[in-house]
Amino acid sequence: MAETREALQNDDRVELRFPARGDLIVLARLVTSAVSARAGFDIEELEDLRLAVGELCLLTLQGTDDGSGDLCLRLRVRDDAISISSTLERAAASEVSPDNDNEENARLSEQILGALVDEHGRESRDGSVRAWMRKRRGGHAE
Amino acid sequence: MDQEFRIEERTDASPPVVAVSGEIDVATAPQLRECLHRVVAGSEASVVVDLLGVTFLDSTALGVLVGALKRCRELGGDLHLVVTDPRIMKIFEITGLTNVFTITDTVQAAGA
């Protein structure tokens, strides 16, 4: 079957907004796979990004009420890298204390991101939580 | 298309086997947690979790498996995993969990 997918151009951006529920993180994985493929990442990098973006979303939702607000995923292809951020706006108002299981899961998420992408981080500011990551093509983070 | 999430319990086996297929993520992990909680509670020793049919798992799934392992060990048993897919094994490797779980490539090798 002929390959008809169009490549993304440098500095192209894609944005996805969905209710901040864990069961919808699959949408972030699907979009990230599609965008990464069009940005020229190989199959192993695609799998890494698919897993990593799920962890990114989980980290964003960490310690917040499931389903409160929208999660906004922003993907940007620039030169040989893809940058992805996941933002939950107005999260602080509904923030809850993380329990031991959540802390353990967050530690695992951080480990997975640390192994699969080149840079990543998480910040809370002005009532919003934002987690981000960046991965270069052809540069395995491990 | 991704394989549908399924859990099959083989509690007549010794040790009992929980075979999972499809994607284990934050949406499906609670079903696995509930199943493992029940099987571990009814088991006299070890439990085997067959992940041969799993196409994806995330940190939530790892958390469920680690929790079940702790409960097994509290009861004097162990939790054995069966994994062959390199993509799934990679997740255990990068989180250091290959040093925590006993991982084999067949259910028979896990003792079932």
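## Close-up views of chains A and B

**View 1. β4(A) and β5(A) pair at one end of a predicted model.** β4(A) joins strand β5 (residues 128–136) of chain A through seven bridges, in the antiparallel sense. Strands here are DSSP runs (E, at least two residues), helices are runs of H or I of at least four residues, and both are numbered from the N terminus. Two strands count as paired if DSSP finds at least two bridges between them. A:E119 stands opposite A:R134 in β5(A). This is a predicted model: local features need pLDDT of at least 70, side-chain atom pairs count only at pLDDT 80 or more, and totals for chains, interfaces and linings use all residues. Residues are numbered from 1 along each chain as its sequence is written, while chains are lettered from A and ligands numbered from 1 in the order in which they are written.**View 2. The sheet of chain A is open and antiparallel.** Its five strands take the order β1-β2-β3-β5-β4. β1 (13–19) and β4 (119–125) of chain A are the edge strands, and each pairs on one side only. On average, neighbouring strands of this sheet are turned by 15° against each other, direction ignored. Axes are lines fitted to C-alpha atoms, for helices over the stretch in contact; angles run from 0 to 180 degrees between N-to-C directions. α1(A) packs on the sheet and touches β1, β2 (70–78) and β3 (81–88) of chain A. The direction of α1(A) makes about 170° with that of β1(A).

**View 3. A:A52 sits in the largest nonpolar core.** Such a core is a set of buried Ala, Val, Leu, Ile, Met, Phe, Trp, Tyr and Cys residues joined through C-beta atoms within 7 Å. Buried means that 20 or more other C-beta atoms lie within 10 Å of a residue's own; exposed means 12 or fewer, and partly exposed is in between, with C-beta atoms placed from the backbone. The core has 64 residues, of which A:A52, A:L56 and B:V49 touch the most other members. Helix α2 (residues 43–61) of chain A gives the most to this core, with nine residues. Leaving aside neighbours within four places in sequence, A:A52 contacts A:I112, A:L113, A:L116, A:V117 and A:M133. Contact means C-beta atoms, placed from the backbone, within 7 Å.

**View 4. Chain A touches chain B.** The contact takes 17 residues from chain A and 13 residues from chain B. On the side of chain A, α1 (25–38), α2 and α3 (100–116) each give two or more residues. The largest share there, eight residues, comes from α3(A). By type, the residues on this side of chain A are seven nonpolar, five polar and five charged. Ala, Val, Leu, Ile, Met, Phe, Trp, Tyr, Cys and Pro count as nonpolar, Asp, Glu, Lys and Arg as charged, and the others, Gly among them, as polar.

**View 5. The sheet of chain B is open, with mixed pairing.** Five strands form it in the order β1-β2-β3-β4-β5. Its edge strands, β1 (6–10) and β5 (102–104) of chain B, each pair on one side only. Neighbouring strands of this sheet are turned by 20° on average, direction ignored. Strands β3 (residues 47–57) and β4 (residues 79–82) of chain B run parallel, joined by four bridges. Here B:V47 stands opposite B:L79 in β4(B).

**View 6. Two helices of chain B lie across strands.** Helix α1 (residues 29–41) of chain B lies across β1, β2 (17–24) and β3, running at about 175° to β2(B). Helix α2 (residues 59–74) of chain B lies across β2, β3 and β4, at about 175° to β3(B). From the N terminus on, the elements of chain B run β-β-α-β-α-β-α-β.
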